Amino acid sequence: MKVPFVDLHVQYLNLKDEIDAAFKNVINNTSFVRGPFVEQFESAWAEKLGVKHCISCANGTDALYVSMKGLGIKPGDEVITTAHSWISTSETITQAGGRVVFCDTDEETFNINPALIEEKITSKTVGIIPVHLYGQACEMDAIMKIAGKHNLWVLEDCAQAHLATYRGQRVGTFGNMATFSFYPGKNLGAYGDAGCIVTNDDQLANWATTYARHGGKGEHVMEGINSRMDGLQGAVLSVKLPHLPDWCDARRRVAKSYTSLLEDTEGVETPVIASGREHVFHLYVIKTDKRDALRQSLAEKNIATALNYPKALPFYPAYAYLGHQPSDFPNAYAHQSRILSLPIYPEITDEMIDYVASQIRQFN
Ligand SMILES: Cc1ncc(COP(=O)(O)O)c(C=O)c1O
């Protein structure tokens, strides 16, 4: 048996007629960049989340950058974010003119540990970027309380957490702004790069729309950037969106099966779902001391796995200038050599799940 890490082709085959028709429609209408298919998706996604505005962007990284420019970062401003994420979260802080301040993670959820945020706040701190990593919401009550107390903005990075909830409320609806990625492998994925910003703030929405479209169409009220969604991406996202709740359920079922098959396996720690969270399992990440040997053994059995991510952000050469030590981020540092992402996608079969779990059990 062969188990890929994700299988986007099987999802395409399930929706082939609708996707082919949608693409044909975009091409017939020559609505290649923005246009009605993108606008339709923006409205549908805003409605699904229950927010006022969805501003499409070329990708999730641009969405973070545009949001931070909109939130008014000035040189020297400090932004606190998690030590454990994809580099988009932190590189855009620097690009927008700010300074990255990393914070360690919670041992169980891999998300930013709110108990450590306040000690990172200085007179220069302007905002916090929580990342709902792997599909599980951060501790938003605590984060919003700290932000309110210190008058900081909150920008939620929801790239991995479409429709995840915290105490029944959707991620992306807590902070001043939030961003999503629709990279093909995401829970809601386009057929190329795509992303968006969501917000309930009319002024921020207007600013971000203008900035991402060259500072305004016709009248350039400022210099902006070019970050637009393609019509083809808007169309495929509109086809997929109605299926997303079922796909989230399917991912939760897969996670439940893995956990019940692996939770008694010695040396393997299965993911923890914190209280009040509805996890959407973009990734199913186990922890084990024998990570590299297990990964190698699974590869030999035709089981694809991934490392999300091989290093915690402060320990990449890109952040050597910050001069951090492992003891600055004990959890993020410990996790980087112990985490292993198992194959997960809505269409994975029970036989595949059993096969992956049995190979892990046999390895031990
Ligand atoms: C946590 C996180 N933030 C931001 C991004 C950036 O999204 P994109 O790849 O669409 O630029 C990603 C996706 O890779 C991500 O996983």
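A pocket is here an open set of points on a 1 Å grid over the protein atoms alone, with protein on both sides within 12 Å along at least five of seven lines, whereas a cavity is a set of points where a 1.4 Å probe fits but cannot get out. Both kinds of space were examined in the present structure, which is a predicted model.

The second largest pocket, with a volume of about 180 Å³, is lined by Val 33 and Arg 34 together with Arg 213, His 214, Gly 216, Lys 217, Gly 218, His 220 and Arg 228. Its lining comprises four charged and four polar residues, with one nonpolar residue besides.

For the largest pocket, the enclosed space amounts to about 560 Å³. Its lining is made up of 29 residues, and those closest to the centre are Trp 86, Ser 181, Tyr 183, Lys 186 and Tyr 309. By residue class, this lining divides into 13 nonpolar, 12 polar and four charged members. At least two lining residues come from each of the helices α3 (60–70) and α4 (88–95) and from the strand β8 (177–181). Because domain 1 (8–103 + 110–242) and domain 2 (243–363) both contribute residues to the lining, the largest pocket lies between the two domains. Tyr 309, one of the residues closest to the centre of this pocket, belongs to the loop between α9 (291–300) and α10 (330–336), and the peptide bond that leads into Tyr 309 from Asn 308 is cis, with omega near 15 degrees.

The ligand is surrounded by 15 residues, of which Gly 60, Thr 61, Asp 157, Ser 181 and Lys 186 are the closest. Ser 181 and Lys 186 are thus named both among the residues closest to the ligand and among those closest to the centre of the largest pocket. Polar contacts to the ligand involve backbone as well as side-chain atoms: an oxygen atom of the ligand lies 2.8 Å from a backbone N or O atom of Gly 60, while a nitrogen atom of the ligand lies 2.7 Å from a polar side-chain atom of Asp 157. In addition, an N or O atom in the side chain of Gln 160 is 2.9 Å from a ligand oxygen atom. The ligand taken alone exposes 390 Å², and 92% of that area is buried by the protein.

Turning to enclosed space, two cavities of 30 Å³ or more were counted. The largest cavity has a volume of about 90 Å³ and is lined by 14 residues, with Leu 8, Gln 11, Lys 186, Arg 251 and Pro 346 nearest its centre. Five nonpolar, four polar and five charged residues form this lining, to which domain 1 (8–103 + 110–242) and domain 2 (243–363) each supply at least three residues. Lys 186 is therefore listed near the centre of the largest cavity as well as near that of the largest pocket.

The second largest cavity holds about 70 Å³ of space, and seven nonpolar, three polar and one charged residue make up its lining. Among the lining residues are Glu 108, Thr 109, Phe 110, Leu 133, Tyr 134, Pro 271 and His 279. Since both domain 1 (8–103 + 110–242) and domain 2 (243–363) give residues to this lining, the second largest cavity lies between them. Phe 110, one of the residues that line this cavity, is found in the loop between β3 (99–103) and β4 (125–129), where its phi is near 75 degrees, a positive value in a residue other than glycine.

Terms used:
Residues numbered from 1 in each chain as written. Predicted model: local features only at pLDDT ≥ 70, side-chain atom pairs only at ≥ 80, totals over all residues. Heavy atoms only, no water. 1 Å grid on protein atoms, 1.4 Å probe; cavity = no way out; pocket = protein on both sides within 12 Å on 5 of 7 lines; lining within 4 Å. Points joined across faces, edges and corners; volume = space filled by probe spheres on them. Helix = DSSP H or I, 4+ residues; strand = E, 2+ residues; numbered from the N terminus. Nonpolar A, V, L, I, M, F, W, Y, C, P; charged D, E, K, R; others polar. Domains from an automatic or database assignment. Near = heavy atom within 4 Å. Polar contact = N/O pair within 3.5 Å; in protein donor to acceptor, adjacent residues only side chain to side chain. Areas by Shrake-Rupley, 256 points an atom, 1.4 Å probe, with all protein chains shown as cover.
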